[in-house]
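Me: Please give me a close look at the surroundings of ligand 1, and carry on from there to the empty spaces in the protein. I want atoms, distances and cut-offs rather than interpretation.

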Amino acid sequence: MNDGVKLGVLGGGQLARMLSQAGSNMNLDLYFLDSDPDCSVSNLTKNLKIGDVTKYQDVIKFGKNLDVLTIETENVNVEALKFLAKIGVKVYPEPSVIEIIQDKGLQKMFFKNNDIPTSLFEFIYNKADIESNELPAAFVLKVRKGGYDGKGVTIIKDRSTINDIYKPHIAEQIIDISKELAIIGARNANGEVAFFDPVEMVFNPQLNLLDYLVCPANLTTDQITILRTTTQKILETLNYVGVLAVEFFLTKDNRLLVNEISPRPHNSGHHTIEGAYTSQFEQTLRAVLNLPLGPTNTIADTITINLLGESTSENYMKTLSLKGVYLHLYNKIPSIGRKIGHITIINPNRNRLFENAKKVKEILAK
Ligand SMILES: Nc1ncnc2c1ncn2[C@@H]1O[C@H](COP(=O)(O)OP(=O)(O)O)[C@@H](O)[C@H]1O
Ligand SMILES: [Mg+2]
């Protein structure tokens, strides 16, 4: 049905790689743009074009002969996408939506204007704004654009320690978090929507780093309903097409607040490759090509562990001796802290799932 449809992806990182893997099953004609000829997707495709996704001319040159264009990173040149949409390229999510999401400040305004529960915040442009804002003494400072994986997020305990601010930031009230959750929704141009089961992202408090992700998150049916209806409201208000990840905080006093949204497949959805009837990557392709969305049911419980270059190839392979362990390496050169892959552990028995995850970690730590 999609014979000959040229689908482009801005970015060639691991999300592009996994989109390419999903696309290959459907024999889709996928094109990628990345400035690194050795990027993650490079050894899986003949259609990698070299160029900078943040540069207007590079994005125009890449996109002008494509039918459909999507993204694997929100840090892209939106002006170029607006131009491409004007000349008839189907850009999903729409450029104006990407423009909101790539800026944490505009995201927060969107939540506030649409009564979507989120933490209190203020815009910060300079040191004077830090001194005059009405937040409590301690707050979270976030750079508005370009942050990821906690880079660009700082907890400020004493505002007098801040020297100066050079980029626009937001200051947020510190939330007393009980659980960090994420839910992935999808919507196609026909308006069909679907949601994967929510995931809990478990952080290591010592290292302040994501430890593992577990799906389904242990939540009440009422909590799951709130996650779904909030995500549906965001999808519909934005007239969204594609896959959208919504991160939530469950507060210690049992409120569900939206932390942030991502306009693409998300780290909290990698388990869907083995753990759900449709993966988030196939769902992205279905959504942006306006195909029927796939079933999102969970096949069995999963734990996902990010690989941050902390172990050896030999150890990664050794984890495969455990039943229900799936290894994904992203074709990236390891360096400390760099996300080079993930492992998904699947097991219908929750206790055995956690036991196997523990064993995987022990192997990785050797
Ligand atoms: N308002 C907040 N209160 C407490 N912790 C927060 C708050 N905002 C963010 N954090 C912590 O910082 C992490 C990263 O923040 P986030 O806004 O999700 O940035 P990133 O884009 O890097 O994922 C969150 O997962 C959470 O652990
Ligand atoms: Mg986040």
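Reply: The ligand site is taken up below, followed by the pocket, the cavities and some backbone details.

This is a predicted model, in which local features need pLDDT of at least 70, side-chain atom pairs count only at pLDDT 80 or more, and totals for chains, interfaces and linings use all residues. Residues are numbered from 1 along each chain as its sequence is written, chains are lettered from A and ligands numbered from 1 in the order in which they are written, and side-chain values use heavy atoms, with hydrogens and water left out.

Around ligand 1 there are 18 residues, and the closest are Lys104, Lys142, Gly150, Glu180 and Asn259; a residue belongs here if one of its heavy atoms lies within 4 Å. By class, this shell holds 8 nonpolar, 3 polar and 7 charged residues (Ala, Val, Leu, Ile, Met, Phe, Trp, Tyr, Cys and Pro count as nonpolar, Asp, Glu, Lys and Arg as charged, and the others, Gly among them, as polar).

Several polar contacts, meaning pairs of N or O atoms within 3.5 Å, can be named. The side chain of Lys104 places an N or O atom 2.7 Å from an oxygen atom of ligand 1. Gln173 takes part through its backbone, with an N or O atom 2.9 Å from a nitrogen atom of the ligand. In the side chain of Glu247, an N or O atom is 3.2 Å from an oxygen atom of ligand 1. Taken alone, ligand 1 exposes 550 Å², and the protein buries 86% of that (Shrake-Rupley method, 1.4 Å probe). Two or more residues of the shell come from each of β7 (139-143), β9 (169-173), β10 (177-187), β14 (242-251) and β15 (256-262); helices (H or I, at least four residues) and strands (E, at least two) are DSSP runs, numbered from the N terminus. Gln173 is thus a residue of β9, and Glu247 falls within β14.

The loop between β7 and β8 (153-156) holds Asp149, a residue that has a positive phi of about 45° although it is not a glycine. Gly150, with the next number, is among the residues closest to ligand 1.

Next come the empty spaces, computed on a 1 Å grid over the protein atoms alone: a cavity is a set of points where a 1.4 Å probe fits but cannot get out, a pocket is an open set with protein on both sides within 12 Å along at least five of seven lines, and lining residues have an atom within 4 Å of a point. Points are joined across faces, edges and corners, and a volume is the space filled by probe spheres set on them.

A search of the whole structure gives 2 cavities of 30 Å³ or more. The largest cavity, of about 40 Å³, is lined by Lys104, Gln107, Lys108, Phe111, Lys142, Ile170, Glu172, Asn259 and Glu260. Two or more of these residues come from each of α5 (104-113), β9 and β15, and α5 gives the largest share, 4 residues. The lining divides into 2 nonpolar, 2 polar and 5 charged residues. Lys104, Lys142 and Asn259 appear both in this lining and among the residues closest to ligand 1.

The second largest cavity also has a volume of about 40 Å³. It has 13 lining residues, of which Thr70, Pro93, Val243, Pro263 and Thr284 are closest to its centre. β4 (68-71), β14 and α9 (280-288) each give two or more residues to this lining, which by class has 9 nonpolar, 3 polar and 1 charged residues.

Pro93 sits in the loop between β5 and α4 (95-101), and a cis peptide bond with omega of about -10° joins Tyr92 to Pro93. β4 and β5 run parallel and are joined by 2 bridges; the partner of Val68 in β5 is Lys90. Both strands belong to an open sheet of 5 strands with parallel pairing, in the order β3-β2-β1-β4-β5 (strands pair if DSSP finds at least two bridges between them). β3 (48-50) and β5 (90-91) each have a single partner strand, so one side of each has no neighbour in the sheet.

The second largest pocket has a volume of about 350 Å³. Its lining counts 15 residues, with Leu209, Asp211, Asn306, Leu308 and Glu310 closest to the centre. β13 (209-215), β16 (302-307) and α11 (350-365) each give two or more residues. The classes are 8 nonpolar, 4 polar and 3 charged. Another cis peptide bond runs from Cys215 to Pro216, with omega near -5°; Pro216 lies in the loop between β13 and α7 (221-237).

Key:
A polar contact is a pair of N or O atoms within 3.5 Å; within protein, one must be able to donate a hydrogen and the other to accept it, and residues adjacent in sequence count only if both atoms are side-chain atoms.
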